[in-house]
Amino acid sequence: MVITTNGPLTSMGGGVPASISLGNGIGLPGSYVIVCVAYLLFAVGFCAMSPHVKNGGAFYAYITKGLGTIPGVGGACIAVLSYVAVLLACYAMLGHFLSVACALFGLAVPWWICAIVAAVAAHLLCVRGIEFSGRLLLILMLSEVGVILLADLLELLRVRPAAQALSFLPFSPSMVFTQGFGPSLIFVVASFMGFETAAIYSQEAREAHRSVPRAMYFSIVFIGVLYAGSIWLMLNHFGIAEAVGVASRDPGGMWLSMFSVLAGHTAAKIGSVLVMTSLFAAVLSFTNVVARYWHALAVRGLVWRVLSRTHPQRQSPHIASAATMGISVVLILLCAKAGLDPMLQVLPWASVPSAVGVLSCQVLAAVAVVVFFRRNRTGVSLWRSLFAPAISAAVLLFFLWEMIIHVELLSGLSAALSYSLALSVLLAGFLASCYATDLRRRSPTRYAQLSDLVRLP
């Protein structure tokens, strides 16, 4: 469930080449290693606190428990809006690719119709329950990761002249820490987005105190190693000196071009299909995430209480899933009505608030871990309760700063509009916190209920 939110094949097919051309070029694999280490530090404190959080609200629960109800409500608003924006970006890509696929069969189907069909399908599968979704996502994830690993293996086994031996230059500090290091973080951090969603399934997972931390650590390491290794091999395939030029000329076809050379044209066509299934897997995973967020927030009256209902047979949050589908459909229709291009406008514009919002919640959660363990002496070591989360908070805050000051690269808009997009999700979180502050004054009893679910036993 966690790994599929990242859509590895989708990133390799589109996001990674853009990262190479707009970021630090051949130093991109090193950026993935650095971000992977930062998130492992984040996970140390996050997982140390997880036994004390019995809530599917993830960021809301952690921030509330560490920093209080008002920041928690603001964080919940930021998280939900960020994941909804991620869904919109994924639907834009998936709708575009499905529309192109339909055109190959002589069918002129607009991207937004394809996207709406995908939204309905994701909702129906979400209603089936977490186990069914997990099994389907496992199949889709194994397929897309299997194709990436196949390409990696073929590249490793490829006979090459001695002058073209595999170069480790992409991992050297001189190549990583260039002027493009900051811009590369925009794409690299987004590639890890979703690992924290492991906590959302804590109420549905067997032995959550073990399975949730394992899922989080494994997904961070897996994503970091997979991307760093695969990008390193792709750079070597095209040549260290030529790779940046190839990424700039043909970002959408770079990986598929390599796979076609290594495995043949038929395999490349299969890879193209798997790019679409990778996108649908990400859509289904984030639909499950957003639905469970709505459900957790509805339990304590932050949103419409009917969203807290679960399916009588499957115990899935079917009302919350339907609401998620409805919101997605409305956003898709608004984009279609405005005549926005799904790849050139909807995708980058939706990516800005989602990336900024999720990273902001991660910073707040890391700070919340430090504050929680300072207030509650639970026997957890200083490394897990203080040093690791404090270091990760500082590093992630630096990532957030770099992302915001380079946001124009991600949005393609003017500076004013780009900053407005980036700050919009933070403004929404501030307004939600103001609502919680007002609620504390108007209705102390209802305000107290907001944190009941995440209090210490």
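This is a short dialogue on reading a predicted model.

Q: Where does one look for the nonpolar core, and which residues touch the most other members?
A: In soluble globular proteins, nonpolar side chains tend to be buried together. Here the largest nonpolar core has 145 residues, and Tyr 39, Phe 192 and Trp 255 touch the most other members.

Q: Which residues does Tyr 39 touch, apart from those up to four places away in sequence?
A: Tyr 39 touches Val 189, Phe 192, Phe 195, Ile 220, Leu 359, Gln 362 and Leu 396. Phe 192, one of these partners, is also among the core residues that touch the most other members.

Q: How is burial read for a single residue, and is Ser 191 buried or exposed?
A: The value to read is the relative accessible area, and under 20% a residue counts as buried. Ser 191 is at 6%, so Ser 191 counts as buried. Ser 191 lies in helix α8, which covers residues 181–192. Leaving out residues up to four places away in sequence, Ser 191 touches Asn 6, Tyr 32, Ile 223 and Tyr 227.

Q: What does the same reading give for Leu 22?
A: A value between the cut-offs of 20% and 50% counts as partly exposed. Leu 22 has a relative accessible area of 37%, so Leu 22 is partly exposed. Leu 22 belongs to helix α1, residues 8–22. Beyond its neighbours within four places in sequence, Leu 22 is in contact with Pro 183, Phe 187 and Leu 409.

Q: Which class does Val 117 fall into?
A: Over 50% counts as exposed. Val 117 is at 53% relative accessibility, so Val 117 is exposed. This residue is found in helix α5.

Q: How are two helices compared, for example where α3 and α4 cross?
A: One reads the distance between the axes and the angle at which they cross. For helix α3 (residues 59–67) and helix α4 (residues 69–104), the axes come within 7 Å and cross at roughly 160°. Angles over 145 degrees count as roughly antiparallel, and α3 is therefore roughly antiparallel to α4. The crossing of α3 past α4 is right-handed.

Q: What kinds of residues make the contact of α3 with α4?
A: The contact residues divide into nine nonpolar, four polar and no charged. Those from α3 are Phe 59, Tyr 60, Ile 63, Thr 64 and Leu 67, while those from α4 include Val 73, Ala 76, Ala 79 and Tyr 83.

Q: How do α5 and α12 cross?
A: The axes of α5 (residues 111–127) and α12 (residues 265–299) come within 9 Å and cross at roughly 60°. This angle makes α5 oblique to α12. The crossing is right-handed. On the α5 side the contact is made by Ala 118, Ala 121, Ala 122, Leu 125 and Cys 126, and on the α12 side the residues include Phe 280, Val 283, Leu 284 and Arg 292. By kind, the contact has nine nonpolar residues, two polar and one charged.

Q: How far apart in space are residues separated along the chain, such as Gln 315 and Arg 128?
A: The separation in sequence and the distance between C-alpha atoms are read as a pair. Gln 315 and Arg 128 are 187 residues apart along the chain, and their C-alpha atoms are separated by 8.9 Å. Gln 315 is in the loop between α12 and α13 and, at 48% relative accessibility, counts as partly exposed. Val 117 and Gly 95 are 22 residues apart in sequence and 8.9 Å apart in space. For Leu 22 and Ala 165, the figures are 143 residues and 26 Å, C-alpha to C-alpha.

Methods: Residues numbered from 1 in each chain as written. Predicted model: local features only at pLDDT ≥ 70, side-chain atom pairs only at ≥ 80, totals over all residues. Heavy atoms only, no water. Core = buried A, V, L, I, M, F, W, Y, C linked by side-chain atoms within 4.5 Å. Buried < 20%, exposed > 50% of the residue type's maximum accessible area, 1.4 Å probe, protein only. Contact = heavy atoms within 4.5 Å. Helix = DSSP H or I, 4+ residues; strand = E, 2+ residues; numbered from the N terminus. Axes fitted to C-alpha atoms, helices over the stretch in contact; angles between N-to-C directions. Parallel < 35°, antiparallel > 145°, perpendicular 65-115°, else oblique. Left-handed = near helix turned anticlockwise from the far one by under 90°. Nonpolar A, V, L, I, M, F, W, Y, C, P; charged D, E, K, R; others polar.
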